[in-house]
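Me: Could you take one part of this model and go through it closely, in a connected account? I would like the terms explained as you use them.

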Amino acid sequence: MRNLLVWIALSFVLAACGGADSPTSPASSEHAASAAAVMVEQKIQRFRPDEVAVLFVMGQSNSAGLNGLPANFVLTGASGTGSSAGGMPAPNVWGIRNDGWGNIAGNADGPGAPFTQPISAIDQVAWVNWSDSTSSDMNLGYYGGSGNAANFAAYAWQSAINAGEPLPDLYIIHIGWGSQGVDVADDAYSGCCGWTMHGVNLWQPLLDATKTPTYALAPFARRMMYLGLKQILATGKKPRVLGLEWNQWEAEAGPLNSAGNVTTIGRAPQNYANLFRGFSAAVGSNFPVMIVKPLSVAYDNVANAVAPYDSTSLASMQKVFGGFIDADPRTFSFVDASQSPDWNGQPPDFGIFKGGSLGGGDGSVHYNLDTQKWFGDQALASCLGRSQLCGPRISALPKLPPD
């Protein structure tokens, strides 16, 4: 039926251009047909009238971002009254501010004392129109700059709607926190990201919402996902989960863990299995997991590394994530920046960790802004592209919130 509708619409477009009696050449007719087909496809409804889109963006410092958001990508809330003048209003993109989680040092709206209640005490969230700036954003985590995939994705979605795409509102949950991994091993480096306040890898999947540290990111993320979708359902809308873009691996591969990265990489498959399984359980459904493929070689040759040390940690971590994709390619996929326009194959920056038209990056570990923008586009590509795969429809959640 869909193909028939596309062909009927295409026939009308071609007829308007002259149809079979047009004196144009076969080559130009073929070009017109192709352009018309693309135009028709772009106008096909991907969502039912009662549906909205949801995107999760999570990880460590490359998820939080290192550099500021370029000024011409700034979003300013519902009607241009947000955090930065001169940006584009975002009436169709929503995020969660750190209500109840706002006292984390380093957050723009949370300079006070650490959050002291357990995560399980958070019982509701409030969606607000997306607002960011060159210096702050809606990251529920800590550390970094606003030039990250979540902000670029928000801008791309609003821009598509402004251009006439028949899309619903997009809801984004962004949790990025530098230096954090999924293993029980403590990180020996205490100079970054509030580490001395916590003493454990905060993305550990088996930390629960009632235990210390109350900053535990995995149960916090599960609860934000659950409560965020619950709030959407309460409005009568049905969420479609576009997916989770996961940008984290360096804490497992870096030679800074007290157990050594041979140990943490060895435990990584089970740790990530528990992490991703917990996210699916919180939503009550599997959904696409887009894993940013490890590409930095910074962890393969590090002087004075903690033993036992894997000198091929990049390949090892690629294998860890590749195992998920091989086992379940319908759920898991790589977001591979070696396929991005800026990739040049030349270490250590490869054209993605430094340079680019937007600048940024640190030369070896943290991505430049061009690549962050590419990550934001890739998070939406399956839905906005020709495949039009926009994730599962969530009609109901598990009865009890996740722990």
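**A close look at strand 1**

Reply: Gly59 of strand 1 stands opposite Gly176 in strand 4, where a strand is a DSSP run of E with at least two residues, numbered from the N terminus. This is a predicted model, in which local features need pLDDT of at least 70 and side-chain atom pairs count only at pLDDT 80 or more, while totals for chains, interfaces and linings use all residues. Residues are numbered from 1 along each chain as its sequence is written, and side-chain values use heavy atoms, with hydrogens and water left out.

The pair Gly59 and Gly176 belongs to a parallel pairing, since strand 1 and strand 4 (residues 170-176) are joined over seven bridges; two strands count as paired if DSSP finds at least two bridges between them. Strand 1 also runs parallel to strand 5 (residues 238-247), to which nine bridges join it, and within that pairing Val57 stands opposite Glu245.

As for the side chains, Glu51, Ala53, Leu55, Val57 and Gly59 point one way from strand 1, whereas Val52, Val54, Phe56 and Met58 point the other way, and the residues of both sets are buried, a term that means under 20% relative accessible area, with exposed being over 50% and partly exposed in between (1.4 Å probe, protein chains only). Because nine of the nine residues of strand 1 (residues 51-59) are buried, the strand is largely enclosed by the rest of the structure. Val57, then, is buried and has Glu245 of strand 5 opposite it, just as Gly59 is buried and has Gly176 of strand 4 opposite it.

Conventions
Helices (H or I, at least four residues) and strands (E, at least two) are DSSP runs, numbered from the N terminus.
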